[in-house]
Amino acid sequence: MRKLLTGLRGGLFVGLVLALAAVLFVDIQDAQAEYGDVVINNHSDAATMRPVIFPHWFHRVRFACKVCHADLGFKFKAGGNDINMVKIIDGQFCGACHNGEVAWSVENCNLCHSAKPGTPTQVHESTIQKLAQPSGASQKK
Amino acid sequence: MKKLQLIASMMLGLAAAGSVSADAGKDTYTKVCAVCHAGGIAAAPRYGNAADWGPRIAKGVPTLYQSALKGTPKGMPAKGGNLTLPDASVKAAVDYMVAAAGGAKAAAEPKADAKKEAKAEPKKEAKPEPKKEAAKEAAKEEAPKAAAAPAPAAVAAAPLVQEGASAADVNSFNRLLKPAGKRNLPPPEDGIHDPANDGTHALQPPLAAFGSLPKSFAGNRVNWVEAIGSGKIKPRWDRTDLTAEPIVMDMNVVREVKGSMPDVVYPHKQHTQWLDCSNCHPAIFTPQKGANQISMASILLGEKCGVCHGKVAFPVSECRLCHSKKKDLVKPATAAAR
């Protein structure tokens with residue numbers, strides 16, 4: 001009786017593992033991040049950091065688009081601004097605010113570098129992404 | 001003998017799980033679920049109403065768990081809209097409501113038959129458990145039942161799980177549609193943030209900011225133009241100067257379009273509340289009427305309006321927000337009078 005039960009448990013365990021694998025697979029294909037979340041992975045993966053996620057919604061509640069896209073010189077292109085930590089610490093791009101005065105400073109690495117490793121540069125939920133580039137795609141130009 | 005033992009172990013498991021979760025279930029129900037389920041708001045099955053609950057219980061408690069956790073197209077929000085609830089509490093609340101609707105017996109009876117139906121059952125039950133670790137209570141309840149299944153069935157059922165997962169949502173093939181339960185998820189659950197990163201958990205969840213903002217049907221599900229127009233948000237116009245005000249330009253440009261779609265009205269006003277002239281002119285749009293070739297194809301490819309619309313501003317699915325000026329299909333005599 002007990003032997004039978006352990007056997008059954010083993011089978012159940014295998015089933016659960018397979019189900020978990022299936023569920024994980026489905027979830028990765030089906031990321032649900034916020035509209036306009038930008039993943040920036042120009043240098044992060046190569047530097048063994050998590051890629052950066054820039055939440056547009058969070059910033060637009062607090063700043064007009066113009067502040068970053070006109071005054072600070074951010075181009076309207078994900079990954080198109082060649083941002084690096086030297087520039088940020090020098091007060092350019094993110095560093096214009098993320099300097100400990102307007103917003104928290106660069107010591108809080110993990111607040112920006114928070115994406116799953118290997119996530120490609122993208123504007124999440126964008127029309128282009130949905131039409132041509134599913135979030136599970138491994139590479140984006 | 002074997003049968004009796006199995007049934008007894010099932011009962012024990014049920015009783016143990018029941019006593020642990022009953023209080024938690026009632027607690028969650030009164031705090032969250034009762035808002036709709038007490039009175040049947042939005043056609044929610046009413047608490048204690050066997051007629052409302054009967055058909056749902058017949059589909060099996062695991063299916064109910066799934067509906068409660070993930071939401072349904074009929075209107076049930078995921079976790080009742082309270083995404084911070086642990087899965088175990090949601091399940092406990094489901095148990096509590098099922099019991100009140102006289103479902104305890106109905107739910108228990110099929111379990112006694114589970115040995116025969118086991119081939120079909122484990123695939124349903126295996127699904128909710130691995131998804132979230134917090135389902136220990138449910139596991140306690142379901143483990144003996146599933147153990148009754150012949151081992152080969154449990155293994156054979158596993159590949160079906162994936163099929164079942166996609167078949168559960170008939171529209172899941174269409175990536176442009178997103179069910180209510182999958183909108184505005186907190187960072188650790190959104191699929192691109194790494195839940196293993198401590199910083200991820202320190203980030204503000206979108207719904208914490210969106211709660212008081214006017215809603216829309218696309219994008220972030222926030223009507224940003226109305227939010228700024230009504231003063232619900234007051235984004236700074238300058239990085240540090242809090243007194244700086246936007247120079248709003250109130251000028252509409254009407255673009256006549258081919259075909260039967262209404263003409264496009266482009267409002268400078270709503271755009272200059274957010275943007276500087278130099279953001280669009282002259283790089284994206286030549287500041288001269290009739291000088292810009294714009295097509296829906298170019299917008300979909302991320303050019304012209306598509307530089308923002310379809311990325312951060314509302315997407316092209318909201319046709320009538322731009323195509324908003326009716327064409328004069330017949331030219332009546334009154335046109336001359338105008």
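Of the 141 residues that make up chain A, 40% count as buried. This value, like the others in this report, is computed from a predicted model.

**Chain A**

The secondary structure of chain A consists of 6 helices and 3 strands. Followed along the sequence, these elements are arranged as α-β-β-α-α-α-α-β-α. Among the contacts in chain A with a separation of 6 or more, 52% are accounted for by residues 24 or more positions apart. The surface that chain A exposes comes to about 7,300 Å², and carbon and sulfur atoms supply 63% of that area.

**Chain B**

Chain B contains 18 helices and 3 strands. Its 338 residues include 37% that count as buried. Of the contacts in chain B between residues at least 6 apart in sequence, 51% join residues at least 24 apart.

The exposed areas of the chains are set out below.

| Chain | Exposed area | Share from carbon and sulfur atoms |
|---|---|---|
| Chain A | about 7,300 Å² | 63% |
| Chain B | about 19,200 Å² | 61% |

**A residue in chain B**

B:Asp87 belongs to helix α4 of chain B, which covers residues 87–100. Is this residue, B:Asp87, buried or exposed? B:Asp87 has a relative accessible area of 6% and is therefore buried, the cut-off for buried being under 20%. In sequence, B:Asp87 and B:Tyr65 are 22 residues apart. In space, the C-alpha atoms of B:Asp87 and B:Tyr65 are 9.0 Å apart.

Conventions: Residues numbered from 1 in each chain as written. Chains lettered and ligands numbered in written order. Predicted model: local features only at pLDDT ≥ 70, side-chain atom pairs only at ≥ 80, totals over all residues. Heavy atoms only, no water. Helix = DSSP H or I, 4+ residues; strand = E, 2+ residues; numbered from the N terminus. Buried < 20%, exposed > 50% of the residue type's maximum accessible area, 1.4 Å probe, protein only. Contact = heavy atoms within 4.5 Å. Areas by Shrake-Rupley, 256 points an atom, 1.4 Å probe, with all protein chains shown as cover.
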